[in-house]
Amino acid sequence: MIFSDRTALILKLLGVSALAGYPLVGSEFYIELVAKVLILAIFAMSLDLLVGFGGLVSLGHAAFFGIAAYTVALISPEYDPANLWLVLPASVLAAGLAALAIGLLVLRTKGIYFIMVTLAFTQMAFYLFHDTALGGGSDGIYLNFRPEPRVGEWMPFDLAEGHQLYYFILAALVAVYVLLGFVLRSPFGRVLVGIKSNEHRMRSMGYSTFHYKLGAFVLAGALAGLAGFLYAVLFGFVTPELLSWHESGHVLMMVILGGMGSPIGAMLGAGSMVALEEGFSLLTKHWQLLMGLVILAVVLFLPGGLIALPARLRGLFARGDHHD
Amino acid sequence: MTEALLEARGVTRRFGGLTANENVSITLERGKLHALLGPNGAGKSTCINMLSGDLAVSDGHIHYKGREITGLSAPQRSRIGIGRSYQRTNIFPGFTVFENCRLAAQSRRQRAWRLFTNALSLEDTLEKARAVIAEAGLEGREDRIAGTMSHGEQRQLEIAMVLATDADVLLLDEPLAGMGSEEASKMVELLDRLRRTRAILLVEHDMDAVFAVADTITVLVNGQLLASGSPAEIRANIEVQQAYLGEEAFHV
């Protein structure tokens, strides 16, 4: 670890404070953009649980994001706001159940086959919403009203108001980060990392690794669902593109860019990905080409991702000193 | 009166047209060290893999403490008390020695649902990990990254991890392979101690060690059981001598 625990905690608190303070100074456009980054950060952290900790490279993670987004859009009434405390758990549950069903099948495969079957399932989910009457076809569907956090007559806050929605998303991000922190140091989390390192040995020591991987798959799917739910609420519409394999690849690139095996890295990956996309798209309409070059450069020259950058720099300077 | 822990009766394993083990029967008793000998390709690893559940049997039955376990998976067999080590070191090379043993110990009480419990606060698991590290002679190396240790130390770690699972039956695939003579004699001492309370199956090429430590020896040749008996009986067995004891092909 390059930073001491205390420095790391201070950096995290500074990060949260900066994010919390941003709506006070930012314009509406950028507040929405940062809110989108926060949602993608939750999405990326959920995938990192599979890729970075469980060693399960899924190319179908967008399916759970999209299923939750469609769930809130489909179950909300057309002319009234839905109750947040109903549609939020329902969306997350739908994504978790989909992950359970898909996980039961795909986790029987390994390596490249796992990548291919997760890809196949996300394509099935894509066409389910794209080609059937269920999801309004390629146009998607609108969510006309943001859900209300109503408890009886009482409304503790109001998501229709942009800043409050922003803080709700930020709180969700912090909650997911804290939750993952607990999970990763729990016996379950330790087993997951063991499976990534040597699944065969884990089995011979008595761990039914399939069930652990299934647990991780469901948890990651449910958290991706939370991100998808927030996305639908923020933008007010859902399209089949949310479930496309492009999205799955997109979030995988965020994880790789930020550095696998670190929730902070996943967040950094989501932030820098969006920042680079926005920056490059101002420069040229062929921004995806530049994006590709950046990803290539990171994979080649910074295999640990952005999160490994401080340690790499320190290493470089230390070597420099040595030569002097 | 000895207590038979693990009994294989007539187990056979076929890979396509090749029969790697044919009608092999072995009984492992508590307090006894049973050695499995045989030239390369005799089917020793296949045999141990069938006992541990890494390989399914094509035919035959396996019983553990009187209960049929032929259909149980490797994790299930580990949980009821059958532990194994591997011929090629099979550890978590990126983890510390302590975490290797701690993970092994955690397998006894997995507590997978306790997502808000710090794994490092489970005192029973930590205690077990410390105890097996001491038992395998790895004290002082708890914080070493396992993959950076010497081959011999990694073999010791391999044994420590099996011990951490509280196994009653130890299936040890060449624990002495690649060890220096001092390390090897320490390991033989350890095996001798472990035998008292457990049943051990030892696959080993080191003949001196086998004859010194084994209570029973079973000889496999071409996947078939050639002979089984006390070290003295095996030494005197003409067939065994002809099969390979005198042969150069055998690795001493």
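In this predicted model, the largest pocket encloses a volume of about 1800 Å³. Its lining is made up of 49 residues, and those that lie nearest the centre of the pocket are Lys12(A), Tyr177(A), Ser262(A), Pro263(A) and Ile264(A). Six helices of chain A, namely α1 (5–25), α2 (28–53), α6, α7 (187–204), α10 (263–283) and α12 (309–323), each supply at least two residues of this lining, and the largest share, 10 residues, comes from α1(A). Divided by class, the lining of the largest pocket comprises 34 nonpolar, 10 polar and five charged residues.

The second largest pocket has a volume of about 530 Å³. It is lined by 21 residues, of which Glu247(A), His250(A), Glu277(A), Trp287(A) and Gln288(A) are the closest to its centre. At least two lining residues are supplied by each of α2, α9 (245–258), α10 and α11 (287–301) of chain A, with α9(A) giving the most, six residues. In the lining of the second largest pocket, 11 residues are nonpolar, five are polar and five are charged.

Helix α4 of chain A spans residues 84–106, and its 23 residues reach 32 Å from the first C-alpha to the last, which is close to the 33 Å expected at 1.5 Å a residue. At the N-terminal end, α4(A) is capped by Asn83(A), a side-chain oxygen of which lies 2.8 Å from the backbone nitrogen of Trp85(A). The buried residues of α4(A) include Leu84(A), Val87(A), Leu88(A), Ser91(A), Ala95(A), Ala98(A), Ala99(A), Ile102(A) and Val106(A), together with the glycines Gly96(A) and Gly103(A). An α-helix has 3.6 residues a turn, so residues three or four places apart point the same way. The cover over the buried residues of α4(A) includes helices α3 (62–75), α5 (111–131), α6 (162–185) and α8 (209–235) of chain A.

A further buried site is found at His61(A), which is placed in the loop between α2 and α3 of chain A. His61(A) counts as buried because its relative accessibility is 0%, whereas the cut-off for this class is under 20%. The side chain of His61(A) makes a polar contact, at 2.9 Å, with the side chain of Ser46(A). When residues up to four places away in sequence are not counted, His61(A) touches Phe43(A), Ser46(A), Leu47(A) and Leu50(A), as well as Ala220(A), Gly221(A), Ala224(A) and Ser248(A).

Conventions: Residues are numbered from 1 along each chain as its sequence is written. Chains are lettered from A and ligands numbered from 1 in the order in which they are written. This is a predicted model: local features need pLDDT of at least 70, side-chain atom pairs count only at pLDDT 80 or more; totals for chains, interfaces and linings use all residues. Side-chain values use heavy atoms; hydrogens and water are left out. Helices (H or I, at least four residues) and strands (E, at least two) are DSSP runs, numbered from the N terminus. The expected span of a helix is 1.5 Å times one less than its number of residues. Buried means under 20% relative accessible area, exposed over 50%, partly exposed in between (1.4 Å probe, protein chains only). Contact means heavy atoms within 4.5 Å. A polar contact is a pair of N or O atoms within 3.5 Å; within protein, one must be able to donate a hydrogen and the other to accept it, and residues adjacent in sequence count only if both atoms are side-chain atoms. On a 1 Å grid over the protein atoms alone, a cavity is a set of points where a 1.4 Å probe fits but cannot get out, and a pocket is an open set with protein on both sides within 12 Å along at least five of seven lines; lining residues have an atom within 4 Å of a point. Grid points are joined across faces, edges and corners, and a volume is the space filled by probe spheres set on the points. Ala, Val, Leu, Ile, Met, Phe, Trp, Tyr, Cys and Pro count as nonpolar, Asp, Glu, Lys and Arg as charged, and the others, Gly among them, as polar.
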